[in-house]
Amino acid sequence: MTVSPNVRPSELVAKTSAIATEVAARHAVDVDAKSRFPTETITALKAAGLLSAAVPREFGGAGAGMRELGAQCAALAQGCGSSGMVLAMHHIQVACIARHGKNSPYFARYLRENLVEKQQLIASITSENGTFGDTRSSICAVAVDGDAMSLDKDATTVSYGAHADAQLVTCRRAADASASDQVLVLFEAGQYSLTQTTTWDTLGMRGTCSPGAKFSGRGRAEQILPGSFADSSAQTMVPYSHILWSALWSGIAADAIGRAAEFVRGAARRNPGTVPANATHLARANAELQAMRNNWQACANEFDAMTAADDRAAREELGGMAWALKMNQLKMTSSEMAPRLCHEALQIIGILGYKNDSPLSIGRHYRDVLSAALMISNERIAGKSASMLLVLKDI
Ligand SMILES: Cc1cc2nc3c(=O)[nH]c(=O)nc-3n(C[C@H](O)[C@H](O)[C@H](O)COP(=O)(O)OP(=O)(O)OC[C@H]3O[C@@H](n4cnc5c(N)ncnc54)[C@H](O)[C@@H]3O)c2cc1C
């Protein structure tokens, strides 16, 4: 494997686009049909050194900002939505480690050796049986005994857990801590077992391979990410999740609208000199796609500007209510816009979009983005926004 971790941010998107077209898109139908991990795509990303895009340059990574990472995830999702989601979820975990653990010798070594040199893949375990989709509360607790620690967790959904090299897990700080007094703990391969408890036969995002699993891990206390999950969630996990997810959902929608455009152009070629009737429908859908892209890109730009100086003011702003509300609103609108755009593409293409075996099929795109509103329930998010709007005067 040729690993070139020092890929420059400007090259990231072009290299990822090439993998999206040459690898991800070629295997997307099979990945979806068999509900299997997109091995070929992740192997290609590793070989190109693209899994360390979010690792800061000081540790040998590409040091890409949110805008670049979003463009990378969107590009990959145009070829295969599940691959785009795997990449986004990996970057979210890497960002948590890079932004909150870089001053720890253990995490600094992990960034350099495991993430850059070995191009390893990290999965996330935030869900837990009994917490009902609320990432900010845990039942399980890490048990620290001197230099050692251990954790057991019953997770409802673990994406690509069986294919990852490490798991970043949320839990309570100690057995006597409250449900929201959480930390993130990293477990490397060989330090844990994952026993699958449920299946992953879903409508969409089938290649993320996300069944429920019982996790059991043993490691060293230094593998607990410094600080609280309250901070790493607000300052990193939530913004990276909502911006990168929105970006990849826009990539899936863009491929659906692209298929609709191909259909309309075909109709125009068959009747030279005329504008097909569904061309105006396409024009409206494309305008919505632009709004969707602009929304995540504006948030990404704002995040990059805020975090350019890794200072207290930026951390306070990221932890503030106005930013939290903005992230909630981005996630809600993007997750609702993506299925709407796939629906529009289907109306434009008609039966050729409805057929699963047609080159203009919209089925996988539509099914994939139906997960967006559930992936942290929009109702749950709206409830939190509603509480904020009761007190936030400067809207
Ligand atoms: C493709 C995909 C990949 C995923 N990958 C992972 C992963 O890798 N790791 C991981 O840990 N998790 C993962 N998840 C799980 C995800 O993060 C959520 O935990 C999970 O989707 C929420 O499950 P739920 O719908 O049962 O929970 P809930 O959020 O509890 O929702 C259940 C129902 O309750 C309603 N509800 C909940 N709260 C409120 C409220 N306040 N007001 C009104 N209604 C409310 C919801 O609208 C919904 O109808 C993944 C999910 C998906 C779809």
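Tutor: Two strands pair if DSSP finds at least two bridges between them. Helices (H or I, at least four residues) and strands (E, at least two) are DSSP runs, numbered from the N terminus. The model is predicted: local features need pLDDT of at least 70, side-chain atom pairs count only at pLDDT 80 or more, and totals for chains, interfaces and linings use all residues. Residues are numbered from 1 along each chain as its sequence is written.

Student: How many bridges pair strand S2 with S3?

Tutor: Strand S2 covers residues 143-145. The sense of its pairing with S3 is antiparallel. In S3, Ser-150 is the bridge partner of Ala-143. The S2 and S3 bridge count is three.

Student: Which residue in the hairpin of S2 and S3 takes a positive phi?

Tutor: This hairpin has two residues between its strands. The phi in question is near 65°. The residue is Gly-146.

Student: Which way do strands S3 and S7 run, parallel or antiparallel?

Tutor: S3 spans residues 148-155 and S7 spans residues 213-220. Eight bridges join them. Lys-153 has Phe-215 as its bridge partner in S7, and Leu-151 has Gly-217. The two strands run antiparallel.

Student: In S7, what is the bridge partner of Thr-195?

Tutor: Look at strand S6, residues 192-196. S6 pairs with S7 over five bridges, in the antiparallel sense. On S7, the partner of Thr-195 is Lys-214.

Student: Which domains does the domain assignment give the protein chain?

Tutor: The bounds come from an automatic or database domain assignment. The chain is split into domain 1 (9-120), domain 2 (124-223) and domain 3 (229-391).

Student: How far apart are the C-alpha centres of domain 1 and domain 3?

Tutor: These two domains touch, where contact means C-beta atoms, placed from the backbone, within 7 Å. Domain 1 puts 22 residues into the contact, and domain 3 puts in 25. Between the C-alpha centres of domain 1 and domain 3 the distance is 20 Å.

Student: Which helix gives the most to the side of domain 1 that touches domain 3?

Tutor: Helix H1 (9-34), helix H3 (66-79) and helix H4 (81-101) each supply at least two residues to that side of domain 1. Ten residues is the top contribution. The helix that gives them is H4.

Student: How many charged residues are on the side of domain 1 that touches domain 3?

Tutor: Ala, Val, Leu, Ile, Met, Phe, Trp, Tyr, Cys and Pro count as nonpolar, Asp, Glu, Lys and Arg as charged, and the others, Gly among them, as polar. That side of domain 1 has twelve nonpolar and seven polar residues. Its charged residues number three.

Student: Which residues come nearest to the ligand?

Tutor: A residue is near the ligand if its C-beta atom, placed from the backbone, lies within 6 Å of it. There are 23 residues around the ligand. The nearest are Ser-127, Gly-133, Ser-159, Glu-379 and Gly-383.

Student: Which elements give two or more residues to the shell around the ligand?

Tutor: The shell draws at least three residues from each of domain 2 and domain 3. By class, the shell has ten nonpolar, eleven polar and two charged residues. The elements asked for are strand S1 (122-125) and helix H12 (378-391).

Student: What helix supplies the largest share of the core?

Tutor: A nonpolar core is a set of buried Ala, Val, Leu, Ile, Met, Phe, Trp, Tyr and Cys residues joined through C-beta atoms within 7 Å. The largest has 118 residues; Val-185, Leu-248, Ala-253 and Ala-345 have the most contacts inside it. The largest share is 18 residues, and its source is helix H6, residues 229-270.

Student: Is Ser-241 buried or exposed?

Tutor: Buried means 20 or more other C-beta atoms, placed from the backbone, within 10 Å of a residue's own; exposed means 12 or fewer; partly exposed lies in between. Ser-241 lies in helix H6. Because 23 other C-beta atoms lie within 10 Å, Ser-241 is buried.

Student: Why is Ala-174 exposed?

Tutor: Ala-174 sits in the loop between strand S4 (166-172) and strand S5 (182-188). Ala-174 is exposed because the number of other C-beta atoms within 10 Å is 12.

Student: What is the phi of Gln-119 near?

Tutor: Gln-119 lies in the loop between helix H5 (105-117) and S1. Gln-119 is buried, with 22 other C-beta atoms within 10 Å. Its phi is positive in a residue other than glycine, near 55°.
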